[in-house]
Every structure is written in structure tokens, then in C-alpha cells.
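Trainee: I am new to this structure. Please pick one part and take me through it closely.

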Amino acid sequence: MCKHILNAQVSVRSPCCTKWFDCVECHQEAESHPLKETLEMVFACKKCKKAFRKDVREFEEADEYCPHCDNHFVLEAKTPKPVLQVEGEDARMDNRMLRDERVKPAKPVQRTIFDPEDDADKLG
Ligand SMILES: [Zn+2]
Ligand SMILES: [Zn+2]
Ligand SMILES: [Zn+2]
């Protein structure tokens with residue numbers, strides 16, 4: 001199983017050794033030779049298990065979907081990240097602090113010399 005892309009939707013067949021890999025890095029780790037570059041890649045959908053070819057020169061938006069089951073296989077790679085318990089607790093504390101903080105907008109007292117009540121006092 002690929003540890004580089006956790007949400008891999010397709011396997012790619014390497015043109016050099018015709019083996020199936022989830023990503024280029026898997027090939028690099030498993031094989032001692034560099035991955036041969038090719039313009040026509042052979043994919044296998046992990047959902048319907050069917051293979052299909054894509055010409056990488058003519059790759060457009062419709063080609064991001066499996067031609068057999070419409071599985072959207074071009075995804076933003078989800079890479080493994082270390083989960084730190086401390087970070088999660090810090091985030092919760094921050095949220096609580098933000099919630100308790102009350103922002104009172106400072107409202108300036110609007111008084112002008114043209115205030116009619118003030119004028120009345122002066123005259124009175
Ligand atoms: Zn190879
Ligand atoms: Zn991999
Ligand atoms: Zn499919």
C-alpha cells in the first residue's frame with residue numbers, strides 16, 4: 001500500500017518494468033532504476049479495477065475521471081502528517097479564549113456645540 005498518497009484512486013503501470021504502483025515514489029523505493037518517462041500512461045482504477053490509458057499530452061478535465069465508473073481519480077494528494085495531541089489541545093484552548101473575549105466597540109459620545117439641548121441650558 002502506498003504511504004505517500006493516502007487517498008490514491010488509481011494505480012499507474014510503470015512503462016519501464018510494467019509493474020503497478022500507486023505513485024512515482026513507490027516505484028523509486030521498490031526499484032533501483034529511474035521511472036521511464038512516457039507520454040501514454042496506463043492507469044488502473046482502484047474502484048472498478050479496470051485499466052485505461054491516458055495520453056498525458058492531451059490531459060484535460062474530463063480525463064480526471066475513470067472512463068469506466070466516473071471515479072474522480074485526480075485528487076489533491078493527501079499525504080500523511082504526524083498527529084500531535086498537544087497541538088489539538090492548544091487549538092481548543094485558543095477557541096475557548098476567543099469565545100470568552102468580548103469585543104465592545106468603543107462608541108464615542110457625540111456632542112457638538114450645535115446640540116440644541118446645550119444651547120437651551122446656556123440661554124436658560
Ligand atoms: Zn520501473
Ligand atoms: Zn507511493
Ligand atoms: Zn473506475
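**A close look at one zinc site and its hairpin**

Mentor: Start with the spacing of the donors of the zinc ion (ligand 3): along the chain they follow C-x2-C-x17-C-x2-C. This is a predicted model. The four residues are Cys45, Cys48, Cys66 and Cys69, and each coordinates the zinc ion (ligand 3) through its SG atom. The distances run from 2.2 to 2.4 Å.

Now the geometry. The angles among the four donor atoms are 105 to 114°. The site of the zinc ion (ligand 3) is tetrahedral, because all its angles lie between 85 and 135 degrees.

Next, take cysteine 48 and cysteine 66. This pair links distant parts of the chain, 18 residues apart. Cysteine 48 lies in the loop between S3 and S4. Cysteine 66 lies in the loop between S4 and helix H2 (85–100). How buried or exposed is each? Cysteine 48 has a relative accessible area of 23%, so it is partly exposed. Cysteine 66 has a relative accessible area of 1%, so it is buried. The cut-off for buried is under 20%.

Stay with the two strands. S3 covers residues 40–45 and runs antiparallel to S4, with five bridges joining them. One residue pair to find is valine 42 and its bridge partner in S4, arginine 53. S3 and S4 form a hairpin, and five residues lie between them. Lysine 49 sits in the turn and has a positive phi of about 65°.

Then follow S4 itself, residues 51–55. In a regular strand the side chains alternate between the two faces of the sheet. S4 shows such alternation. Phe52 and Lys54 point to one face and are buried. Ala51, Arg53 and Asp55 point to the other face and are not buried. Arg53 is thus on the face that is not buried, and it is also the bridge partner of valine 42.

For comparison, turn to the zinc ion (ligand 1). Its donors are Cys16 (SG), Cys17 (SG), His27 (NE2) and His33 (NE2), at 2.0 to 2.3 Å. The angles there are 104 to 122°, and the site is tetrahedral. The donor spacing is C-C-x9-H-x5-H. Here cysteine 17 and histidine 33 link distant parts of the chain, 16 residues apart. Cysteine 17 is in the loop between strand S1 (10–13) and strand S2 (20–21). Histidine 33 is in the loop between helix H1 (24–30) and S3. Cysteine 17 counts as buried at 19% relative accessibility, while histidine 33, at 28%, is partly exposed.

Key: Residues are numbered from 1 along each chain as its sequence is written. Chains are lettered from A and ligands numbered from 1 in the order in which they are written. This is a predicted model: local features need pLDDT of at least 70, side-chain atom pairs count only at pLDDT 80 or more; totals for chains, interfaces and linings use all residues. Side-chain values use heavy atoms; hydrogens and water are left out. Buried means under 20% relative accessible area, exposed over 50%, partly exposed in between (1.4 Å probe, protein chains only). Helices (H or I, at least four residues) and strands (E, at least two) are DSSP runs, numbered from the N terminus. Two strands pair if DSSP finds at least two bridges between them. Donors are N, O and S atoms within 2.8 Å of the metal (3.2 Å for Na, K and Ca); water is not among the atoms, so sites may look incomplete. Four donors count as tetrahedral if all angles lie between 85 and 135 degrees; four count as square planar and six as octahedral if opposite donors are over 155 degrees apart and all others between 65 and 115; anything else is irregular.
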